[in-house]
Amino acid sequence: MLILKNGTVLEQDTLMSYDIAIEGGKIKEISPDIKVSKTDKVIDVKGCFISPGFIDVHVHWREPGFTHKETIYHASRAAARGGFTTAMPMPNLNPVPDTYEHLKQQLDIIERDSVIRAIPYGAITKNELGQEYAEFEALAPYVFAFSDDGRGVQDANMMFESMKVAASLNKAIVAHCEDNSLIRGGCMHCGQRSIALGLPGIPSVCESVQIARDILLAEATGCHYHVCHVSTKESVRLVREAKQNGIHVTCEVCPHHLLSDENDIPCDNGLWKMNPPLRAREDRQALIDGLLDGTIDIIATDHAPHTTEEKEVSMTQAAFGIVGCETAFSQLYTAFVKTGIFSLSFLVDKMSTNVAKIFDLPYGTLEIGYPADITVIDLNKKETIDPTNFLSKGRNTPYANEEITGIPVLTLVEGRIAYNRL
C-alpha cells in the first residue's frame with residue numbers, strides 16, 4: 001500500500017491535515033492519521049496540498065505526424081509536471097483519426113509512451129477538411145468526443161448531421177469556432193493593439209457567429225455541444241443565454257485568455273500569436289466574470305507546441321499557439337487565488353472536478369474507491385518560468401521569466417507516480 005502522509009486536503013474551503021492510503025490504483029482510506037505497516041511505501045508530503053488530478057480536455061500532442069513539434073512521450077511528461085492526470089489530445093494530426101485504422105496508430109503510441117491517461121478525440125470530418133464525414137461509429141468506443149479542432153466545421157448542414165450522429169452515440173461535439181470567411185488574414189485580435197502595431201486583425205464576430213449557429217443546431221439535435229477556448233464577451237453572452245434556455249452547451253476558457261489581453265502584447269512577436277487571439281480588456285473581464293458565474297464551465301490549456309523557427313518570427317508568419325500545461329495551475333493560482341479573486345476550491349473545480357462532472361468521467365474527486373489520480377502541490381513554493389526547463393519539446397511561451405507560486409511536486413495516476421520532484 002502507498003500512503004501519502006501529512007498532506008492537506010480541502011474540506012469545504014478549509015485546508016485540513018490528512019493522510020491518503022492507495023491500494024490497487026484506488027483510494028483506500030482518507031483520515032487524519034493512517035497507521036503504517038512495514039510493507040507500506042510512505043511518501044511524506046508534509047505541508048503540501050493534495051488535489052484531485054487535473055483533467056485537460058484540450059491539448060495538442062502532435063503525434064503521429066508532427067514529432068518535430070512534440071511527441072506523446074514528451075507531452076505526457078509535461079502534462080504530469082503540470083499536475084494533469086488525464087488529457088484529451090486533439091485530432092489535427094497526420095493521419096487525422098477519422099477512421100479506426102488511423103486512430104489505432106495514435107492509441108498504440110499512447111499505450112507505449114504516455115505516463116498519464118490520454119483519451120484522444122475522433123475527427124468530425126475526414127482529414128478535417130469539412131467535406132466527408134469521419135467514421136463516427138467505428139471511432140466512438142475509443143474516443144473522448146468528436147472535434148475538427150484547429151479548423152472548425154464551416155458547413156452548417158455537416159455540423160447539423162454530425163451533431164445528430166454524435167448524440168445518438170452519446171458523444172459530445174467539441175467545437176473550434178471560427179468562421180473562415182471572417183478571418184481576413186488576421187494574426188491577432190482586431191482592435192486597438194492591431195492598429196497600433198499595423199498588423200491584420202481577426203474580428204471577435206469570427207468566433208461568436210459560429211457559436212450562435214451551433215447553439216441553435218445543438219438545440220435542434222439534442223447534442224452535447226462544448227465550445228473550445230471562448231475568447232470574446234459575445235461568446236460568453238451566447239453561452240449564458242443558451243444555458244438559460246436549457247440547451248446542452250458547455251464551454252472552456254484557456255489560462256492565457258484569463259491572464260492577458262491585447263494590451264499585454266509588447267511588439268510584433270510570434271510568441272504572442274494564438275488562436276483565438278488575446279482579445280480586448282473587456283473581453284478578458286467577461287471571461288473572468290463568466291467563469292465566476294458558471295457560464296464558463298472549465299479551464300483547458302490548449303497546449304500547442306511549435307518549434308523555435310515557427311514562433312520566433314513576425315506574427316504575420318508565426319504558427320498559432322503557445323504551450324501551457326506545465327505552468328497553468330501555478331499561473332492561475334498566482335494571478336487569481338493569491339489575489340482573492342478565486343478560491344482554491346474554485347480553481348480545483350474548474351481544472352478537475354467539474355471537468356469530470358460535465359463529461360461524466362470517473363475521476364476528479366478524492367473519495368474512497370475512486371481512481372487514485374492525485375496532484376500534490378507546494379502552495380508556498382515559488383519559481384520563475386524558464387522554458388529551457390520544460391519537459392515539453394515546445395518552448396513557445398510568452399510568459400518566460402514570470403514568477404509563479406504554487407508548484408505541483410508529485411503526480412499520481414491510478415496510484416502510479418507519473419511525476420515526482422519531492
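Trainee: Which elements do the buried residues of helix 2 pack against?

Mentor: Some ground rules before that. This is a predicted model, where local features need pLDDT of at least 70, side-chain atom pairs count only at pLDDT 80 or more, and totals for chains, interfaces and linings use all residues. Residues are numbered from 1 along each chain as its sequence is written, and side-chain values use heavy atoms, leaving out hydrogens and water. Helices (H or I, at least four residues) and strands (E, at least two) are DSSP runs, numbered from the N terminus. Contact means heavy atoms within 4.5 Å. Now your question: the buried residues of helix 2 pack against helix 1 (72–81), strand 7, strand 8 and helix 3 (136–139).

Trainee: Which residues of helix 2 are buried?

Mentor: Buried means under 20% relative accessible area, exposed over 50%, and partly exposed in between (1.4 Å probe, protein chains only). Leu 103, Gln 106, Ile 109, Ile 110 and Asp 113 are the buried ones in helix 2. They sit on the same side of helix 2 because they cover an arc of only 120 degrees around the axis. That arc is taken from the directions from the helix axis to the C-beta atoms. On the other side, Glu 101, Glu 111 and Arg 112 are exposed.

Trainee: Why do residues three or four places apart point the same way?

Mentor: An α-helix has 3.6 residues a turn, so that spacing brings them round to the same direction.

Trainee: What about the sheet: what is its strand order?

Mentor: Two strands pair if DSSP finds at least two bridges between them. Here, three strands form an open sheet in the order 6-7-8, with parallel pairing. Strand 6 (54–59) and strand 8 (117–118) stand at the edges with a single partner strand each, so one side of each is left without a neighbour in the sheet. Strand 6 pairs with strand 7 (residues 84–89) over four bridges, and Asp 56 has Ala 87 in strand 7 as its bridge partner.

Trainee: Now a loop residue: is Thr 307 buried or exposed?

Mentor: Thr 307 counts as buried because its relative accessibility is 16%. You'll find Thr 307 in the loop between strand 14 (298–299) and helix 10 (308–311). Not counting residues up to four places away in sequence, Thr 307 touches His 68 and Lys 69.

Trainee: And where is Leu 169?

Mentor: Leu 169 is in the loop between helix 4 (156–168) and strand 9 (173–175). At 26% relative accessibility, Leu 169 counts as partly exposed. Leaving aside residues up to four places away in sequence, Leu 169 touches Phe 136, Glu 137 and Ala 140.
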